[in-house]
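Please read the following with the sequence and the coordinates side by side. The text goes from the overall fold to a surface patch and then to single residues.

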Amino acid sequence: MDLKQIERNLFRDFVRDGLADMLVGAAFLYIGLLLPAGGVVAFVAVGLLFYAPLLRALKKRFTYPRTGYVELRQGDPGPLPWFILGSAALGLIVLVAVLVAVGAIADPALWYRWMPIFFGIWMAGMFLGLGLNVRLARYCVVATVALVAGPACALLPLSGKLANIGLFFAVLGAVLLAWGIASFLWFLRKNPVAEEGGADVTG
């Protein structure tokens, strides 16, 4: 087994417990609920500041007593950034095409309604890349949900400038949060606490 495969397996084990999905899903859901009312910037800033420490604390409490400590080696980021950048570019192209097709390109006030199309393609590429990288089907399902929810949320005639975008993030966040909780409960069931501390593993 080559080093790249070992690193992929380590990262797969890192996300297998569902804790990262739960935190990201909760953040997306909260953003979706806050967007129509505004005031989301402060939450995003606080979330970015505390996400990593909170995830480490949860893993130290629930994951490492069951699996041992895993530290991911910092190195080549692999293909995932290309999925993120490529899907963002594709989403922007599709969004502009839709705005031109519906005659909204000249009215920036209408852009917000159709923005879920961009976010849907972008998030779909992001989660598809993650799913292919770690070989976990749940991320491919989340990618499909994002791809479908984007245009579906854009087509709804909601009131409020950011309501359509908020609905998209709320839907995607709810799916990711639910899947994270299910994965976490399954992880706890399949991995009882070891009687002796596991050895450290550094990738």
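Helices and strands here are DSSP runs, helices of at least four residues (H or I) and strands of at least two (E), numbered from the N terminus. With those labels, I105 can be placed in the loop between α4 and α5, the latter spanning 111–134. The model is a predicted one.

The protein contains 7 helices and 2 strands. Their order along the sequence is α-α-α-β-α-α-α-α-β. The chain has 203 residues, of which 35% count as buried. Among contacts with a separation of 6 or more, 77% join residues 24 or more positions apart. The exposed area is about 11,400 Å², and carbon and sulfur atoms supply 71% of that area.

Part of the surface forms a nonpolar patch of about 500 Å², made by L92, V96, V100, I105, L110 and W111. Which helix gives the largest share of the nonpolar patch? That share, 3 residues, comes from helix α4, residues 80–101. The loop residue I105 is also a member of the patch. Its class follows from its accessibility: partly exposed means a relative accessible area between the 20% limit for buried and the 50% limit for exposed. I105 has 38% relative accessibility and therefore counts as partly exposed.

Helix α5 also holds G129. Is G129 buried or exposed? Its relative accessible area is 2%, so G129 is buried. G129 and I84 are 45 residues apart in sequence, yet their C-alpha atoms are 7.6 Å apart in space. I84 falls within the residue range of helix α4, 80–101.

Two cysteines can be compared by the same measure of accessibility. C140 has a relative accessible area of 25% and is therefore partly exposed. C153, with a relative accessible area of 5%, is buried. How many disulfides does a search of the whole structure find? The search finds 0.

The last stop is N191, located in the loop between α7 (163–190) and β2 (201–202). Although N191 lies in a loop, its relative accessible area is 17%, so N191 is buried. With which residues is N191 in contact, leaving aside neighbours within four places in sequence? The contacts of N191 beyond those neighbours are with R16 and R66.

Definitions and conventions
Residues are numbered from 1 along each chain as its sequence is written. This is a predicted model: local features need pLDDT of at least 70, side-chain atom pairs count only at pLDDT 80 or more; totals for chains, interfaces and linings use all residues. Side-chain values use heavy atoms; hydrogens and water are left out. Buried means under 20% relative accessible area, exposed over 50%, partly exposed in between (1.4 Å probe, protein chains only). Contact means heavy atoms within 4.5 Å. Accessible areas come from the Shrake-Rupley method with a 1.4 Å probe; for residues, only the protein chains shown count as cover. Patches are made of residues with over 30% relative accessible area and no salt bridge: like charges are joined within 9 Å, nonpolar side chains (Val, Leu, Ile, Met, Phe, Trp, Tyr) within 5 Å. A salt bridge is a side-chain nitrogen of Lys or Arg within 4 Å of a carboxyl oxygen of Asp or Glu. A disulfide is a pair of cysteine sulfur atoms within 2.5 Å.
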